[in-house]
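User: Take a close look at one helix and at what packs against it, and then place it in the wider setting of the domains. Please give the cut-offs behind each term.

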Amino acid sequence: MENGDIPENANEHCPGPQSESAGKSDACEGCPNQQICATAPKGPDPDLVAIAERMATVKHKILVLSGKGGVGKSTFSAQLAFALAARDFQVGLLDVDICGPSIPKMLGLEGQEIHQSNLGWSPVYVESNLGVMSIGFMLPNPDEAVIWRGPRKNGLIKQFLKDVYWGELDFLIVDAPPGTSDEHISIVQCLDATGVDGAIIVTTPQQVSLIDVRKEVNFCKKVGVKVLGVVENMSSLCQPITDFKFMRMSDNGEQKDVTQWVWEYMKEKAPEMLNLIACTEVFDSRGGGAVKMCNEMGVPFLGKVPLDPQLCKAAEEGTSCFANKDCVVSAPALKKIIEELIENNGWLMLLSNGA
């Protein structure tokens, strides 16, 4: 639209928020947006030109989204970055979860600081081909709360996009906050001119999470961002049976640890059981989970990742689950999802072309 998108609650003959007469014409009288339109800057945003120039060296941009917090979105973003870097891609991970920046912790970069050069802000590097940027590197105290309104958050996102010098990247992974807030609109608008490959949406199986994921899918459709697929995280609790503790409950509710007795019993009576993986559902998935939702909304389902204590441990330690021999449940599931993403989107060509 020539004069910008018309707000849904605008008056009938709205001239458009980018018009010179926005907020000033007779048609604007009584409009709830009148004051905002009258004072907002008009014309193209000069920052978008700088962002487009900076993003020209980034081949692919992937958003990682979730409808709710606590579903493992940042864990997935971190492990996706580790996996792509392990395949010799040049990878950047941008944390725009301004109020909850957990990426520095999950990449083992706590306590690191941002440095500036004549080329701009320098990312903090895990490896030579894996750089990270987050507001977490800018906080003097990790316990300090970031209490910012939308405009200030959006200003920092713009600054990250136009001032960080990534160099040549195959992938820029953007870890966004949960929901569909200012930050999401800002990142999509800022990257619109340079193109976004799409979004990966992370959810858990229960309806409480899927209700909000449906909103996330609709957000992507409205702003023109392709949904690369949905990942169902924490689909069930899975771990080797030897990693479990076994307790006996007494009549008065006290618990007694009988793990050693169970192990000795299995070794003697059923040693083949020691190699089993035990699984149980944590969340109610009787509604069909993410698979059913994807079928109904016409978006790809990428796969399920179990709730694995070893993956949680890798996230706490800031390490790759793929380099951890104990991640026998989650690592194969994540690897399959990431390999499918690479294959379905033709990203393997980056390596075959010497990128």
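Analyst: The elements that cover the buried residues of helix α2, by contact (heavy atoms within 4.5 Å), include the strands β1 (58-66), β4 (120-122) and β7 (169-175), together with the helices α5 (150-163) and α6 (182-191). This is a predicted model, in which local features need pLDDT of at least 70 and side-chain atom pairs pLDDT 80 or more, while totals for chains, interfaces and linings use all residues. Residues are numbered from 1 along each chain as its sequence is written, and side-chain values use heavy atoms, without hydrogens or water. Helices (H or I, at least four residues) and strands (E, at least two) are DSSP runs numbered from the N terminus.

Within α2, which spans residues 46-55, the buried residues (under 20% relative accessible area, 1.4 Å probe, protein chains only) are I51, R54 and M55. They lie on the same side of α2 because they cover an arc of only 90° around the axis, judged by the directions from the helix axis to the C-beta atoms. The other side of α2 carries P46, V49 and E53, which are exposed, that is, over 50%.

As for the wider setting, the domain assignment, automatic or from a database, gives domain 1 (45-234 + 284-349) and domain 2 (236-279). Their centres, taken over C-alpha atoms, are 37 Å apart, and the contact takes 8 residues from domain 1 and 7 from domain 2. About 510 Å² is buried between the two domains, with carbon and sulfur atoms giving 62%; this is the accessible area (1.4 Å probe) lost on being put together, summed over both parts. On the side of domain 1, L307, P309 and V329 lose the most area to domain 2, together 59% of what that side buries.
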